[in-house]
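Please keep the sequence and the model side by side while reading, since the paragraphs below move from one part of the chain to another.

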Amino acid sequence: MSDFISIHKTGFRLLKMIHSVDSAIIPLHLLEVCFSTIQIYAGLFLTAGLIDLLLKGAYGQAAQWALYLLGMNLFFGVTLCLLRRKFRGMRNRIWLIFYVWLREKAFSLDYETMERPEVSEKLLYSERTSEMHGGLGVLLCRYCDILKALLNILLSVGMVAVLCMAGPEKQAGLTGWIAKPLPSALLFGAAFAGMLLGSWKIFGKFAAKQMAIFSSHTGVENKISYLQSQVLGKTETGKIIRIYNMQEMILKNITENLEKACAYYENMCDLERRECDSNKMISSFFTVFSYLLVAVKALTGAITVGAFTQFAGVVNQFGNACLTLIADQGELRKICTYMGPFLQFLDTENLHAAGSIPVEKRTDGEYELAFENVSFHYPGCEELALKDVNCKIRMKGKLAVVGRNGAGKTTFINLLCRLYEPTAGRITLNGVDIRKYSEEEYRTLFGVVFQDFRLFAFPVWKNITAGGERLEERIRKALRQADAEGLVQAMPQGLDTNLYKNLGDGVEISGGEAQKLALARALYKDAPVVILDEPTAALDPEAEAEVYARFNRMVEGRTSIYISHRMSSCRFCEDIIVFDQGRIVERGSHEELCAAGGNYARMWEAQAKYYT
């Protein structure tokens, strides 16, 4: 019973969400349920009357009833056809809004929360299972089918009660006794109770087995999804596969997981078939018994021949409704089970406290940023990535943050941009803990080009403006500063040219060209602090030095921060911070640090030949 309650608790919450998107869709489905049910029982009633009139020889009245039957079927047929055509569009909208809900929630979560494996897995699981088994539209259909089945059962039980109360004209013998109201009601009630009890036991028996099989399959789907999206779905992996002759290994991996997936579907289909067969067997016994009862009533004169066809149809509707109710309850159980992680994802709370203080808007760009005893470790890792960091960032200056790979440079920037929050200590803006500021407003202070920067398969102008207002002169100024104006002018549609071919026609650009557009995006934002987080790591030292020299000219008059494990950026910076093992070990100008003979001096000497 607790499983039953849990299923419908999830289902009703999802229905409420559907209603919030389209307040008409559920009432229209209820109307469809009512109309289709009325059509069935009105048809049975009119057919029974028509048969009795024909048997009496009342052909004129029979013709009228035939017209009533035809008109009724025409009206309900056309109405239901129009409703169901409208449902297709509504259900498609519901299906699409499901993905919007997922992404809206994902964007509302802070970066650190969204990066947690258990959170991102719920997102991917929800998308994958919805594509495999149907989403909110299917849930709505199942509930409508269940409601239709319940209405069928209530109406048919009511009509069977009328059948049971019909007394026989011939009361002799066993058939006459069975046809009496009380015995026939007791016999029908006993058969109905037996069917319900048997169906409930079957439901419980197969529910546990289905859940065990369903939950064990998640890992296989994860692997198949990874192979499809990250291995087969990326063109750049094709080079690696061919160079290292990995085709056989990947195909073997795919085959093994597909075989496991096939075994899962075979097991699920077999289980569903066995459950269906068991329910059909129970339903068949009940249907046969009910037909016999109707036949006894007709033989003893309790009902007419026309009524016999009517009640036989009622019994058939009752049996089908019971089967539908049981089958759809199983389908609903499956839908609500895989929708559970979707609701859990929507209920996920941010790790970060939501600040509300607005950031002071300063035209002079004079802000003070400071780290105060900041330590940090990444989720799931106890080792500190930053250890007791204290520093102030000089505004409108040029700061280089250097150190070996893994020294803590990128972590320093992630915390500065509030993608993560310190494990200990605090970061302040103008003396106020940055956690007290609105995240959106605080991040307007930064234009960042990360090492793993991304451009999207959208028009060039949308990549530059990040979807903001299209200001032509400002776009062209940013492109000019990033040395990318000629690149865009050479494209077929200029700023309206789509990048890449993921969404149709577009242009493929090189890594260096993409880097220029990423720089233009950071410059277009016109933020007071511009950060380059090793975006040139894949370039050779001389090319990297050229990029930094150009970037140095672009950001004149703004605070700029350069992060690198190489020294080319240091030539342009009056302030240099050196990280080692998560700590700031040195700070000063190039001349001061070289004279100190510490970590910086050793790194400079090791790389100086590339910059002279």
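Which residue in strand 4 is the bridge partner of Leu369? In this predicted model, that partner is Leu429. The pair belongs to a wider arrangement in which strand 1, spanning residues 369-376, and strand 4, spanning residues 424-429, run antiparallel and are joined by five bridges. Strand 4 is also joined by two bridges to strand 5, residues 432-433, again in an antiparallel sense, and here Thr428 stands opposite Asp433. Between strand 4 and strand 5 there are two residues, so that the strands form a hairpin, and Asn430 in the turn has a positive phi of about 55°.

Turning to the cysteines, a search of the whole structure finds zero disulfides. For Cys34, which is in no disulfide, the nearest cysteine sulfur is that of Cys144, 10 Å away. Cys34 is partly exposed, with a relative accessible area of 37%, and Cys381 is likewise partly exposed, at 32%.

The interior can be followed through its nonpolar cores. The largest has 45 residues, of which Val402, Leu479, Leu499, Ile509, Leu517 and Tyr600 touch the most other members. Its largest share, eight residues, comes from helix 18, which covers residues 511-524. Apart from this core lies another, of 40 residues, among them Ile7, Ile25, Val33 and Trp101. In soluble globular proteins, nonpolar side chains tend to be buried together. To see one member of the largest core in its surroundings, consider Tyr600: leaving aside residues up to four places away in sequence, Tyr600 touches Val402, Met567, Cys570, Ile576, Val578, Glu586, His590, Leu593 and Cys594.

Terms used. Residues numbered from 1 in each chain as written. Predicted model: local features only at pLDDT ≥ 70, side-chain atom pairs only at ≥ 80, totals over all residues. Heavy atoms only, no water. Pairing = 2+ DSSP bridges. Helix = DSSP H or I, 4+ residues; strand = E, 2+ residues; numbered from the N terminus. Disulfide = S-S within 2.5 Å. Buried < 20%, exposed > 50% of the residue type's maximum accessible area, 1.4 Å probe, protein only. Core = buried A, V, L, I, M, F, W, Y, C linked by side-chain atoms within 4.5 Å. Contact = heavy atoms within 4.5 Å.
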